[in-house]
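This report walks through a few features of one structure, beginning with its charged pairs and ending with its surface. Please look over the sequence and the view below before reading on.

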Amino acid sequence: MAIVISYIEELKRKAIHLSSLWIVAATLLLPAFFSCGRWISCILFAGLLIFTLYVEHDYANGGKYLGRLYGKLFSKMLRKEIRPGMWIVSGGSFVLAAALLVNLLFPPQVAAVSLVVMLIGDTAAALIGRKFGKHPAPNGKSVEGVAAFIIAGYAAFAAVSAIAGAPCFFYLAGIPAVLLAAAAELFEKQLHLDDNFSIPLCTGGMVMLFSLF
């Protein structure tokens, strides 16, 4: 059963979400400094994903150590009611899964912009939408939240593209890429796929499509 959390807890969730920006930095910097940096990134994200899934499983099953610590830190931020024996998969796990997959599928520049759109756009949509959303959009979202996603997501896309020295077509490709990512966030329920996972794939896929032309 879904749980409506307070705005304060939402702020905490998104602060943790933004702390994952180190993943974007690692995606860009590891391949820049090491010839096998892309594979180092994949191994790192895969290891963290496995560890996170284990800790979440331990928490859901009443673990005394890691599970208990996880509960103290994050239980009030979870949006699903936890039942004994249930294996929860949090947004953090989907972020790591997305980081692993986009690093496997896309070049570092594309992987980096794909991840930053998810981290910044989703944060802006949630915080602006909950605080200032007045005009309803599908699935309980708001027009203001969608607009915040698009504006903040593209700004982050452009900033990381500039930092990474991406080619000019990136800035053009970013427009449909961010729009598609916003649609993935808006219609998460219909896609039956966590938006932390679908947004990077949509963004990266669109940029790669543009690269063909």
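## Charged pairs

With a relative accessible area of 24%, Arg13 is partly exposed. The model discussed here is a predicted one, and in this model Arg13 forms a salt bridge with Glu10, their closest N and O atoms being 3.9 Å apart. Both residues belong to helix H1 (residues 7-19), where they are three residues apart, about one turn of the helix. Glu10, in contrast to its partner, is buried, since its relative accessible area is 1%. Salt bridges that share partners join Glu10 and Arg13 with Arg130 into one network.

The structure holds four salt bridges in total, and another of them brings together the side chains of Asp122 and Lys14, at 2.8 Å from N to O. Because Asp122 lies in helix H6 and Lys14 in helix H1, this pair ties together parts that are 108 residues apart in sequence. Both Asp122 and Lys14 are buried.

A salt bridge also forms between the side chains of Lys141 and Glu185, with 3.2 Å from N to O. This pair links distant parts of the chain, 44 residues apart, as Lys141 is in the loop between H6 and H7 while Glu185 is in helix H8 (residues 169-186). Lys141 counts as partly exposed at 26% relative accessibility, whereas Glu185, at 8%, counts as buried.

## Helix H2 and a nonpolar patch

Helix H2 (residues 21-33) has 13 residues, which at 1.5 Å a residue should span 18 Å, and the 19 Å between its end C-alpha atoms agrees with this. Its buried residues are Ile23, Val24, Ala26, Thr27, Leu28 and Leu30. What covers these buried residues includes helix H3 (37-60), helix H5 (91-105), helix H6 (108-132) and helix H7 (143-164).

Leu29 also lies in helix H2, but at 46% relative accessibility this residue counts as partly exposed. Together with Phe33, Phe34 and Ile40, Leu29 forms a nonpolar patch on the surface, and the accessible area of these residues together is about 420 Å².

## Two residues with positive phi

Asn139 has a positive phi of about 65°, although it is not a glycine. Asn139 is placed in the loop between H6 and H7, and its relative accessibility of 21% makes it partly exposed.

His192, which is not a glycine either, has a positive phi of about 55°. This residue is found in the loop between helix H9 (188-191) and helix H10 (195-211), and with a relative accessible area of 72%, His192 is exposed.

Methods: Residues numbered from 1 in each chain as written. Predicted model: local features only at pLDDT ≥ 70, side-chain atom pairs only at ≥ 80, totals over all residues. Heavy atoms only, no water. Helix = DSSP H or I, 4+ residues; strand = E, 2+ residues; numbered from the N terminus. Expected span 1.5 Å × (residues − 1). Buried < 20%, exposed > 50% of the residue type's maximum accessible area, 1.4 Å probe, protein only. Contact = heavy atoms within 4.5 Å. Patch = residues over 30% accessible without salt bridge, like charges linked within 9 Å, V, L, I, M, F, W, Y side chains within 5 Å. Areas by Shrake-Rupley, 256 points an atom, 1.4 Å probe, with all protein chains shown as cover.
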